[in-house]
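Work through the following exercises with the structure in view, and try each task before reading its solution.

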Amino acid sequence: MVLLKVITVRVDDRLFEMIEEICRVEKAERADVIRRLLENAVEQWKINRALQLLREGKVTLRTAARIAGKIYVEMLDLASRYDVLVQMAPEDLLRDLGGE
């Protein structure tokens, strides 16, 4: 059984109405909608963070994938999609190609 934590947040009318619209369209409870939105936002944040670190050359592609919660080829695809140049040391390239 998963123990859930309670988070309280104040939102403006515009955001509240958008959340309510999603609830109506999805025929879902507000808590479920907000939980899903938060999960999606956290996942996207992790991807953005990994891509930024990769872009700055601070992490390898494998580390970026781990940060983003993706497998290696998914991270490679994301880097390509967001025009992030993947800089690899020769030994990393050999390892990734199965040479060592």
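**Exercise 1.** In this predicted model, find how helix 2 and helix 3 are oriented relative to each other, and which residues make their contact.

*Solution.* Begin with the geometry: helix 2, residues 30-55, packs against helix 3, residues 61-68, at an angle of about 165°, and their axes lie 8 Å apart. Angles over 145 degrees count as roughly antiparallel, and therefore helix 2 is roughly antiparallel to helix 3. The crossing of helix 2 over helix 3 is right-handed. Next, look at the residues: helix 2 contributes K46, I47, R49, A50, L53 and L54, while helix 3 contributes L61, A64, I67 and A68. Sorted by class, the residues of this contact are eight nonpolar, no polar and two charged.

**Exercise 2.** Describe the packing of helix 1 and helix 2 by the same steps.

*Solution.* Helix 1, residues 13-26, and helix 2 pack at an angle of about 110°, with 9 Å between their axes. Since angles of 65 to 115 degrees count as roughly perpendicular, helix 1 and helix 2 are roughly perpendicular to each other. On the side of helix 1 the contact involves F16, I19, E20, I22, C23 and E26, and these meet R30, V33, I34, R36 and L37 of helix 2. By class, seven residues of this contact are nonpolar, none is polar and four are charged.

**Exercise 3.** Identify the members of the largest nonpolar core that touch the most other members, and say which elements build this core.

*Solution.* The largest nonpolar core holds 14 residues, and among these L51, L54, A64 and M75 touch the most other members. Two or more residues come from each of helix 2, helix 3 and helix 4 (72-81), and helix 2 supplies the largest share, namely five residues. Take A64 as a case to inspect: apart from neighbours within four places in sequence, A64 is in contact with A50, L54, V59 and M75. As background, nonpolar side chains in soluble globular proteins tend to be buried together.

**Exercise 4.** Where do K27 and D83 lie, and is each of them buried or exposed?

*Solution.* K27 is placed in the loop between helix 1 and helix 2, and although K27 is not a glycine, its phi is positive, at about 50°. Exposed means over 50% relative accessible area, so K27, at 76% relative accessibility, counts as exposed. D83 sits in the loop between helix 4 and helix 5 (90-96), and its phi is likewise positive, near 55°, in a residue other than glycine. With a relative accessible area of 68%, D83 is exposed. For context, most residues other than glycine have a negative phi.

Notes
Residues numbered from 1 in each chain as written. Predicted model: local features only at pLDDT ≥ 70, side-chain atom pairs only at ≥ 80, totals over all residues. Heavy atoms only, no water. Axes fitted to C-alpha atoms, helices over the stretch in contact; angles between N-to-C directions. Helix = DSSP H or I, 4+ residues; strand = E, 2+ residues; numbered from the N terminus. Parallel < 35°, antiparallel > 145°, perpendicular 65-115°, else oblique. Left-handed = near helix turned anticlockwise from the far one by under 90°. Contact = heavy atoms within 4.5 Å. Nonpolar A, V, L, I, M, F, W, Y, C, P; charged D, E, K, R; others polar. Core = buried A, V, L, I, M, F, W, Y, C linked by side-chain atoms within 4.5 Å. Buried < 20%, exposed > 50% of the residue type's maximum accessible area, 1.4 Å probe, protein only.
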